[in-house]
Amino acid sequence: MSTIMNENRLQSTFKTLDHKINKLNDQKIYAFFESLGLLERTDVPKDFLNWENILIVVPNRHVSHELKYYKYTISRISFLTNPYADQIHIYDLKDWKNASGNKTQFQIREMLKTSFGGVKKVTRES
């Protein structure tokens with residue numbers, strides 16, 4: 001005898017509720033990106049809600065600290081600080097994992113100079 005009277009019904013209810021939770025979380029992500037001004041930018045992919053997890057690349061620790069609260073209140077987002085980035089960027093977290101998978105910390109630091117929002121700083125000599 002099972003403790004749960006109707007397990008199929010329970011699983012079906014959970015599935016329905018999870019679907020509703022995911023839709024609400026998508027709305028949170030959309031509202032968050034809108035408040036950051038990301039939705040108006042042409043360099044931001046429009047299909048970001050289709051990604052399993054979203055990586056938000058921020059240009060410095062100050063911005064990271066300012067947005068840290070949202071990391072815990074919105075599912076499916078992660079943050080990365082890239083000091084070589086000039087603005088906030090978003091990427092599919094799978095892309096980050098594939099690119100950084102077998103790299104050392106030094107290799108990752110070098111990679112961030114030109115990818116994942118990184119812009120090589122050019123110094124001008126007078």
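**Close-up views of a predicted model**

**View 1. Lys103 sits in the loop between α3 and α4.** Welcome to this structure, which is a predicted model. We start at Lys103, which counts as partly exposed at 37% relative accessibility. How near does the side chain of Lys103 come to the backbone oxygen of Ala99? The two are 3.4 Å apart. Leaving aside residues up to four places away in sequence, Lys103 touches Ile108 and Met111. For a sense of scale, look for Ala85: it is 18 residues from Lys103 along the chain, and their C-alpha atoms are separated by 20 Å.

**View 2. Gly101 shares the stretch of chain between α3 and α4.** This glycine lies in the loop that links the two helices. Is Gly101 buried or partly exposed? With a relative accessible area of 49%, Gly101 is partly exposed, because the buried class ends under 20% and the exposed class begins over 50%. Leu80 makes a handy reference point here: Gly101 and Leu80 are 21 residues apart in sequence, and 15 Å lie between their C-alpha atoms.

**View 3. Helices α3 and α4 pack at an angle of about 125 degrees.** Helix α3 covers residues 93–100, helix α4 covers residues 105–112, and their axes are 10 Å apart. The angle makes α3 oblique to α4. Which residues make the contact? From α3 come Trp96, Ala99 and Ser100, and from α4 come Ile108, Met111 and Leu112. Sorted by type, the residues of this contact are five nonpolar, one polar and no charged.

**View 4. The buried residues of α3 are Leu93, Trp96 and Ser100.** Where do these residues fall when you look down the axis of α3? They lie within an arc of 55 degrees, so they line one face of the helix. Several elements meet them there: the buried residues of α3 pack against strands β1 (54–58), β2 (77–81) and β3 (89–92), and also against α4.

**View 5. Helix α4 has buried residues of its own, at Ile108, Met111 and Leu112.** These residues cover an arc of only 100 degrees around the axis, which puts them on the same side of α4. What covers them? The cover includes β2 and α3. Ile108, Met111 and Leu112 may look familiar, as they are also the residues that α4 brings to its contact with α3.

**View 6. Asn82 is found in the loop between β2 and β3.** Is Asn82 buried or exposed? Asn82 is buried, with a relative accessible area of 0%. A polar atom of its side chain lies 3.1 Å from the backbone oxygen of Leu112. Not counting residues up to four places away in sequence, Asn82 touches Val57, Val58, Pro59, Leu112, Ser115, Phe116, Gly117 and Gly118. Leu112 is a good residue to follow between views, since it is also one of the buried residues of α4.

**View 7. His89 is found in strand β3.** At 11% relative accessibility, His89 counts as buried. How far apart are the C-alpha atoms of His89 and Val57? They are 5.1 Å apart in space, although the two residues are 32 residues apart in sequence. When residues up to four places away in sequence are set aside, His89 touches Arg41, Asp43, Leu55, Ile56, Val57 and Gly117. Val57 and Gly117 are also among the residues touched by Asn82.

**View 8. Arg76 has a positive phi, near 75 degrees.** To find Arg76, look in the loop between α2 (61–73) and β2. Why point out the sign of this angle? Most residues other than glycine have a negative phi. Arg76 is a residue other than glycine, yet its phi is positive.

Notes. Residues are numbered from 1 along each chain as its sequence is written. This is a predicted model: local features need pLDDT of at least 70, side-chain atom pairs count only at pLDDT 80 or more; totals for chains, interfaces and linings use all residues. Side-chain values use heavy atoms; hydrogens and water are left out. Axes are lines fitted to C-alpha atoms, for helices over the stretch in contact, and angles run from 0 to 180 degrees between N-to-C directions. Helices (H or I, at least four residues) and strands (E, at least two) are DSSP runs, numbered from the N terminus. Angles under 35 degrees count as roughly parallel, over 145 as roughly antiparallel, 65 to 115 as roughly perpendicular and the rest as oblique. Contact means heavy atoms within 4.5 Å. Ala, Val, Leu, Ile, Met, Phe, Trp, Tyr, Cys and Pro count as nonpolar, Asp, Glu, Lys and Arg as charged, and the others, Gly among them, as polar. Buried means under 20% relative accessible area, exposed over 50%, partly exposed in between (1.4 Å probe, protein chains only). The arc is that of the directions from the helix axis to the C-beta atoms. A polar contact is a pair of N or O atoms within 3.5 Å; within protein, one must be able to donate a hydrogen and the other to accept it, and residues adjacent in sequence count only if both atoms are side-chain atoms.
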